[in-house]
Structures are given as C-alpha cells and as structure tokens.
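Got your viewer open? Let's take a walk through this one, one selection at a time.

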Amino acid sequence: MGCFSYYLFPSSPTCQVPVTGSFACQFKTTPYKQLPTLFKQKKKQFNGFQRASRVVSYYALKTPPYKLVSDLFSPDSLEPYMSKRTVEVHWKGHHGAYVEGLNKALAKSDILYGYTLDDLVKVTYNNGNPSPDFNNAAQVWNHDFFWESMQPGGGDMPELGMLEQIEKDFGSFTNFRDKFAETALTLFGSGWVWLVYRVVSVLIRRSFDLKPSIFLKGYLKRNSDDTRGINFVLVVAKYYAPFSSEYYLAYHIPKKTTYCECVRTLKREERRLEVVKTQNAVTPIVWGDIPIINLDMWEHAYYLDYKNDKENYVNAFMDHLVSWNMAMARLAHAEAFVNLGIDFSIIRKLSSLKQILGDMKSEVSGLMMLAAVPFQV
Amino acid sequence: MALRSLVSRKTLGLGLRLQFRGLQTFSLPDLPYDYGALEPAISGDIMQLHHQKHHQTYITNYNKSIEQLHHAIEKGDSSAIVKLQSAIKFNGGGHVNHSIFWKNLTPVQQGGGEPPHGNLGWAIDEDFGSLDTLIKKMSTEGAALQGSGWVWLGLDKESKKLVVETTANQDPLVTKGPLVPLLGVDVWEHAYYLQYKNVRPDYLKNIWKVMNWKYAGEVYDKEHS
C-alpha cells in the first residue's frame, strides 16, 4: 500500500519533558526488515518482468492493489482512459527506471540505505536544497502513490466522510473538481497535482549533528539495533516554545545523521483539505502535508493517449480513474492519527506513557521509537 | 529585439498584427520545411503536433499575457504586473525557444547533420576538443535533465567562448547569463515521446542527424564579429 509516515502530534499545546533515568517505552517497528521478504514474494509475480539485478535492493516495483500485470502481460485494466501502452511505458519504463536508479544509489550509500522511503524523501529533499538522490526517491514515492490513487471503474463522486470533508473545505464537490482541474492545467512544465490534508505548518527544518543528552546516549546504547538497522528516536520537546503548539521533532540515527524540524500542529478546526501543485519530483510530505490523491502531470503520463490535450486527461482521471475508496482510507487514517492527541502535560510516569503508546501501536505507522528526553542542540 | 527579428522572418503576410493601440502580437512562424522532412530522426506526427499545437499554445497564451500586461501597465497596477511575470516567462520563453528550434533543424537533403565548418567549427575544436565531444556533452546533459527543459550550445558574449547550458521548463538561454543561443534541443517529453517513448537518449542520438550547423555558424559569425 502507499507509504505514509505520520508524526505523533500531541493535541495539547503544552508538553512536559520528563527527565527520568530510565526511558520511555520502546516501541520499535522495523518495516525495512520486512521489505526483503516482500521483495522476494513480489518477485515471483513479476513474470515477464525479471530484474537481473545483482544489487540487494530494498525497494521493489510494487504492483498496485488491482491487477496491472496479467499472465499475458496486458495491463489494460485502466482502458480506455489510460491505455495499456501508456501504463506499460509509464510503469515499467519511467517508474521502473526510478526504482532502479534508487536501488543503485542505496547500494552505494550506507547512510541512505537505512531509511524508510518516506524519510528518505524528506532527508534528500534537504529543506529545498535537494541532493541528487532526491529525484529517484521522490519519484518512486510519487508513482507508488499514483497507481494506488487510481482504480478501474473509479471516478464518480466520493461518499460519506470524504464528501463531507470536501464540502466543508471547498464548498461543494464541483468547486473542488474545478479547482483540481484548474491547478492541473496551470502547472508549468512537469509536476504533480495533489489533494492533501493539512495538519501542520512546518516552521523550520534543519539538519545538524545532534548532541544527545547523557540519558539519550545511554538509551541508545542499550537499545540500538544492529548496524544495518534504523534507530530513529522521535524526540518531542517543548524546547524554546514552552506554551505554544510548536514542537521540535528530531530524527537521530546513531553514528549517522540527524535532522530536526519544528512544526506547529494545527488545531482541529484549522485542519483542512487543500489542492496543491508541485514541480518535477517534489511531494507535499516534505512540508508535512498528508497526501490523499495525486495526479501525474508529467507529459509521459498522458502524451500517448491524449497528446497535448491535458484537459481531457484530467477529466478522464476525475471521471473514471480516481479511486475515492483509496482517498477515503487515507483520509480516515490521517484523521485517526491526528485525533489521537496525547496530552503530554499529564504524562508524569513512564508507565502511563507505555500504556498510551501500547494503545496507539496499531494505528501508528512509520513511528519507530518514542523517547521523551531533553536533548542539547 | 531578438524577438522582433524572429517574428518578422518567415511569417506569411499578417505575421505582425498591429492593433489600434499599437500593441504588437505574435504569430506562429512557418517551418522552413515539411513536417515529414525530418524523418526518420523526428517523425512528422511529432513535428506537426509540436508546431501546430504546442508552439501555437505558447503564442496564444503569450499574446494574452502581453495584453494583460499592457492593461496592468496602463493602470499602474504593480502587483498585477509582477504576477504576470511567470506566465510571460513561460509562454514567451516557449515562443522564443521554439522559434529558434525550428531553425536549428533542417532535412538531411538540405544539409542536416553536416558538421560545422568555418569559424564555428574551429571554435568548437578549441573549446571542446572535437565535435564529437561537444555532441556527447550536450546529449549527456540533455538526458540527465530532470523534468522539462532545454539543452543549449551558446556563445558567451563576454568571454567569447562556447558553452553548453541547460535551462528548465521554457526559460530562454538569456536567463543563464550573457549567452547567445546557437543551438537548442528541446528535451520536453512532447518533443520525442510519440516516437521514442521514454528513451530520451535515443532521441538525443538521432537529432544530430538533422541538426542545422550552418544556421548555428551564421549566428556565431554575426555575434562574434
């Protein structure tokens, strides 16, 4: 399924930072370890799509939830709105090339190798000054998301909660549809159009060498994974922002790197759906938005079918391809996550933190470990 | 200024339409060859779409933006003037770039692909070592360009040296410095997709077979003198 990583956003504006000798509970998931098995499983499905790769790769060209490659290798599920030829060239040619490029870069770089895809995209984006690997990582992310944003027999209108949210934020579904189409058609060059759920405004994001506090160092020493593992420490502190809703979230990979962002969570009434457009490979996750659906406006996505008639392509997507089921699931996931609301001010004891995190375990994805520990900058 | 000379050449009759307010609009320049004349390097379908649809759209939107700019200037509406800049840069740049592009290409029968002679030929050898090196460099940079853009062979007016540059989207070469475009290769996907699909390197390999080095030489001589 789509790759998301969600931050833990306490809804309360205050945030206590308990300083204790022993640490917050350890909630570790290691999705990256599952990937090699997944990759091997998926490999069997690829039939006529063998990769003669000698590189140990963690990212495989995922098949979307609907049947894209049949035994005869005829990806015609999205016909006639997206032709089989387009899907083949787009999926195997473009998306496949990005995956290969990414895997090659990962094989060479020890540091990049350990990240989940979401965080890889954010780290290589480097706050607007992207490294050369950003393009491949982000395009893999974008295309994974794109195939899953569509389905055969899609289009039409969303229902229930999704429709309610759209009507709340855009006035009516027609307004939203018009806005989406207009954004797509006024995009200069190559890029993507997104419907996102905005839950934070990211104030700053920086990379720096984090000097962990003595407590953090001890904790990491006692709990760090093997050298190929990831050891993210999500540290929430009301550092420099005592009574506001601003938080510093720091991601620390021992012996490797650290980056930190300061986010301001939006209050429940402020959270809303937005239509955004991005250039080239940029994705809204780099500034904290949660994507709901996207549309590829690079020419390769529509040229074979629609030539330069972008309007028809956008209409075909909205009327026949977009998967509102997927959008609903993503929105529900986003809502569930942000509504969790941990009041950090009442967390005094380690045990209560453990309890809360235990409950959350099933809902939170991408969260590796939580430690409420002060850190030195 | 370069814009006016581009527009006035090879336009049929009503190329320059002066409106009653004296506002000049632009129109699609004719191709100096048939759509199918560049086969098999570039298919006739692509040439027709590229010229009649894409270039025409840039011109239409460019004219619209210019008109809006004219109104904004008359009214003294600074924020509107500034807001129009990106549309003008994009559509106007598209017009400028494609007008150069059509002249950069020529059928094999009319000398397409023939290596440059004279001053340009020597300058290429001096600045890049050989024509092959230059071609390889431009093809590599073109293939590596992410998204949409152009790869150029330009002449630096100040240093009098030849340079290879890339620009994003429809940014004209002048946005990269005091450079005069000699040759431009469109690496937007619409320029090759129907024929080469996602294999941009093949497009970049074949386009040199219809490259009009003579035109590049003429521009070089004019600027260099």
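How many residue pairs are in polar contact across the interface of chain A and chain B? The rule finds 7, with both residues at pLDDT 80 or more. A polar contact here is a pair of N or O atoms within 3.5 Å; within protein, one must be able to donate a hydrogen and the other to accept it, and residues adjacent in sequence count only if both atoms are side-chain atoms.

Before you click further, some ground rules. This is a predicted model, where local features need pLDDT of at least 70 and side-chain atom pairs count only at pLDDT 80 or more, while totals for chains, interfaces and linings use all residues. Residues are numbered from 1 along each chain as its sequence is written, chains are lettered from A and ligands numbered from 1 in the order in which they are written, and side-chain values use heavy atoms, with hydrogens and water left out.

**Stop 1: the interface**

Show both chains. You'll find 18 residues of chain A in contact (heavy atoms within 4.5 Å) with 18 residues of chain B. The area buried between them is about 1700 Å², with carbon and sulfur atoms giving 58%; buried area is the accessible area (1.4 Å probe) that two parts lose on being put together, summed over both. Now select A:Phe188, A:Glu299 and A:Tyr303: they supply 36% of the area that chain A buries against chain B, more than any other three residues. Looking for salt bridges (a side-chain nitrogen of Lys or Arg within 4 Å of a carboxyl oxygen of Asp or Glu)? The rule finds 0 across this interface.

Next, colour helix 2 (84–108) and helix 9 (303–306) of chain A, the elements that give two or more residues to the side touching chain B. Helices (H or I, at least four residues) and strands (E, at least two) are DSSP runs, numbered from the N terminus. Helix 2 of chain A gives the most, with 5 residues.

**Stop 2: the annotated site in chain B**

Select B:His50, B:His98, B:Asp186 and B:His190, which an unreviewed UniProt entry annotates as "binding site". They span 141 residues in sequence, yet no two of their C-alpha atoms are more than 12.4 Å apart, so they gather at one spot. UniProt positions are in the numbering used here, feature names are shortened, and annotations may be inferred rather than shown by experiment.

Zoom in on B:His98, in helix 4 (residues 85–104) of chain B. At 0% relative accessibility B:His98 counts as buried (under 20% relative accessible area; exposed is over 50%, partly exposed in between; 1.4 Å probe, protein chains only). Its side chain makes a polar contact of 3.0 Å with that of B:His50. Beyond neighbours within four places in sequence, the contacts of B:His98 include B:Tyr58, B:Trp150 and B:Gln170.

Slide over to B:His190, in the loop between strand 5 (179–186) and helix 7 (193–196) of chain B. It is buried too, at 1%, and its side chain is joined to that of B:Asp186 by a polar contact of 3.4 Å. Which residues of chain A is B:His190 in contact with? A:Glu299 and A:Tyr303, so you can hop straight back to two members of the trio from Stop 1.**Stop 3: the two annotated domains**

Colour residues 25–105 of chain B, which the unreviewed entry labels "domain: Manganese/iron superoxide dismutase N-terminal". That stretch is 72% helix and 1% strand. Give residues 117–216 another colour: UniProt places "domain: Manganese/iron superoxide dismutase C-terminal" there, and the span is 40% helix and 23% strand.

Finish on B:Asn104 in helix 4 of chain B, buried at 0% relative accessibility. Among the residues it touches are B:Leu182, B:Gly184 and B:Tyr215.
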